[in-house]
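Thanks for coming. I have one structure to go through today, so let me put it on the screen.

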Amino acid sequence: MPDEFGEVLYSFKKNATEIVGAGFSSFKGKDYFYLRVFTPSVEDPEAFVPTDKGLSLSVDLLEPVKEGLLQLNEVMSNEKVVKRIPKAKDEECWIGVKPIKDNTYVYIQVYHKFGTEFSHTKKAVFVALNKHDELKNMIQTLIDARSTKK
């Protein structure tokens, strides 16, 4: 995995060609965690490279993200946002479930406020409903890793 994202502490297969990876990174002296989709490298099919699919959030938001993922257990069959976490001025991180075509997806996505309305951004990770437990395990792994660093 690329150094710019730091060490990938947890990953799981999203589909036949992609994996979702999580870890920590720093930017301008602030600590973040990332959830990023990776695909096989053209040069080395055994290596994975990041795509633009994913998001980075302050490490202070790990617990609220975990809480949101746990709340998804209650609403798995309907489209629903279960948690809205303030991220920055005019930005929120939404956690929910959404049916798309014939599948249901769990998502963590950044929304930007324009006036009084929120609009989704491309900063997101969507995984099939059956990967929900993997996403919870991923966030717990990051929480555990962070607590051992303190």
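I will take the packing of two helices, and then the salt bridges. Bear in mind that this is a predicted model.

Start with helix α1, residues 62–71, and helix α2, residues 132–149. Their axes lie 10 Å apart, at an angle of about 155 degrees. Angles over 145 degrees count as roughly antiparallel, and α1 and α2 are therefore roughly antiparallel to each other. The crossing of α1 past α2 is left-handed. On the α1 side, the contact is made by L62, E63, V65, K66, L69 and L70. On the α2 side, the residues include L135, I139, L142 and I143. By type, the contact of α1 with α2 has eight nonpolar, two polar and four charged residues.

Now the salt bridges. How many does the structure hold? There are seven, and I will show three.

K53 pairs with E18, with 3.1 Å between the closest N and O atoms. K53 is in strand β4 and E18 is in the loop between β1 and β2, so this pair ties together parts that are 35 residues apart in sequence. K53 is partly exposed, at 38% relative accessibility, while E18 is buried, at 10%.

K87 bridges to E91, at 3.5 Å between the closest N and O atoms. Here K87 is partly exposed at 29%, and E91 is buried at 15%.

The third is D133 with K136, 3.1 Å from N to O. Both lie in α2, three residues apart, about one turn of the helix. D133 is partly exposed at 46%; K136 is buried at 19%.

Finally, K14, E18 and K53 are joined into one network by salt bridges that share partners.

Terms used:
Residues are numbered from 1 along each chain as its sequence is written. This is a predicted model: local features need pLDDT of at least 70, side-chain atom pairs count only at pLDDT 80 or more; totals for chains, interfaces and linings use all residues. Side-chain values use heavy atoms; hydrogens and water are left out. Axes are lines fitted to C-alpha atoms, for helices over the stretch in contact, and angles run from 0 to 180 degrees between N-to-C directions. Helices (H or I, at least four residues) and strands (E, at least two) are DSSP runs, numbered from the N terminus. Angles under 35 degrees count as roughly parallel, over 145 as roughly antiparallel, 65 to 115 as roughly perpendicular and the rest as oblique. A crossing is left-handed if the near helix is turned anticlockwise from the far one by less than a right angle, and right-handed if clockwise. Contact means heavy atoms within 4.5 Å. Ala, Val, Leu, Ile, Met, Phe, Trp, Tyr, Cys and Pro count as nonpolar, Asp, Glu, Lys and Arg as charged, and the others, Gly among them, as polar. A salt bridge is a side-chain nitrogen of Lys or Arg within 4 Å of a carboxyl oxygen of Asp or Glu. Buried means under 20% relative accessible area, exposed over 50%, partly exposed in between (1.4 Å probe, protein chains only).
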